[in-house]
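Q: Could you walk me through one part of this model in detail, then show how it sits with its neighbours? Keep it casual, but give me the cut-offs as you go.

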Amino acid sequence: MTFAISLAVVLLFVLWGFFSPSQLTETATNVLHATTSNFGWFYLLVTFFFLVFCIFLAFSKYGQIRLGDDDDEPEYSAVTWFSMLFSAGMGIGLVFWGVAEPVSHYFSPPVGVEAETSEAARTAMRYAFF
């Protein structure tokens with residue numbers, strides 16, 4: 001049921017963007033602007049209180065509660081967990097910026113090159129490789 005509803009919502013957005021991209025862009029921009037201007041403060045407060053709550057849980061008696069059976073041992077050590085989290089963070093950063101940086105330089109070259117030309121594309125890739 002959850003998958004079907006999610007799939008339907010995603011398909012509706014894709015179809016909306018396919019058949020009327022300018023209307024979708026305008027609507028999304030208006031919704032984003034209304035949300036950030038009216039609820040930005042709320043987002044910051046909720047994020048702050050959630051962070052404080054997590055720190056409280058980590059350093060209170062609740063932070064010592066074991067997940068699983070009482071005699072279970074952790075499958076991975078703390079160093080292994082840190083390594084996995086670090087690798088995942090680096091990986092997503094490389095995946096995102098591997099595409100975003102050259103595209104950004106293509107549309108707005110950092111030197112005296114006209115944007116959206118083959119020379120801008122070469123310059124963008126040169127900067128990305130650098």
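A: Helices here are DSSP runs (H or I, at least four residues), as strands are (E, at least two), all numbered from the N terminus. Bear in mind that this is a predicted model, where local features need pLDDT of at least 70, side-chain atom pairs count only at pLDDT 80 or more, and totals for chains, interfaces and linings use all residues. Residues are numbered from 1 along each chain as its sequence is written, and side-chain values use heavy atoms, with hydrogens and water left out.

Let's zoom in on the loop between α3 and α4, which is where Val111 lies. At 38% relative accessibility, Val111 is partly exposed; that label covers whatever falls between buried (under 20% relative accessible area) and exposed (over 50%), using a 1.4 Å probe and protein chains only. Val111 is also a long way from Ser60: 51 residues separate the two in sequence, and their C-alpha atoms are 54 Å apart in space.

Glu116 sits in that loop too. The backbone has a quirk at this spot, since Glu116 isn't a glycine and yet has a positive phi of about 60 degrees. With 49% relative accessibility, Glu116 counts as partly exposed.

Now for the helices on either side of the loop. α3 covers residues 78-107. Its 30 residues should span 44 Å at 1.5 Å a residue, and the 43 Å between its end C-alpha atoms agrees; the expected span is 1.5 Å times one less than the number of residues. α3 does bend by about 30 degrees at Trp97, where a bend is the angle between axes fitted to the seven residues ending at a residue and the seven starting there. The buried residues of α3 are Ala100, Pro102 and His105.

On the other side, α4 runs over residues 118-129 and holds both Glu119 and Arg122, three residues apart, or about one turn of the helix. Their side chains meet in a salt bridge, 3.1 Å from N to O. The rule asks for a side-chain nitrogen of Lys or Arg within 4 Å of a carboxyl oxygen of Asp or Glu, and by that rule the count comes to one. Both partners are partly exposed, Glu119 at 32% relative accessibility and Arg122 at 46%.

How do the two helices pack? Two packed helices are described by the angle between their axes and the distance between the axes. The axes of α3 and α4 come within 8 Å and cross at roughly 140 degrees; axes are lines fitted to C-alpha atoms, for helices over the stretch in contact, and angles run from 0 to 180 degrees between N-to-C directions. That makes α3 and α4 oblique to each other, the label for whatever isn't roughly parallel (under 35 degrees), roughly antiparallel (over 145) or roughly perpendicular (65 to 115).

One last neighbour is α2, residues 21-59, which spans only 49 Å, whereas a straight helix of 39 residues would span 57 Å. α2 bends by about 65 degrees at Phe39.
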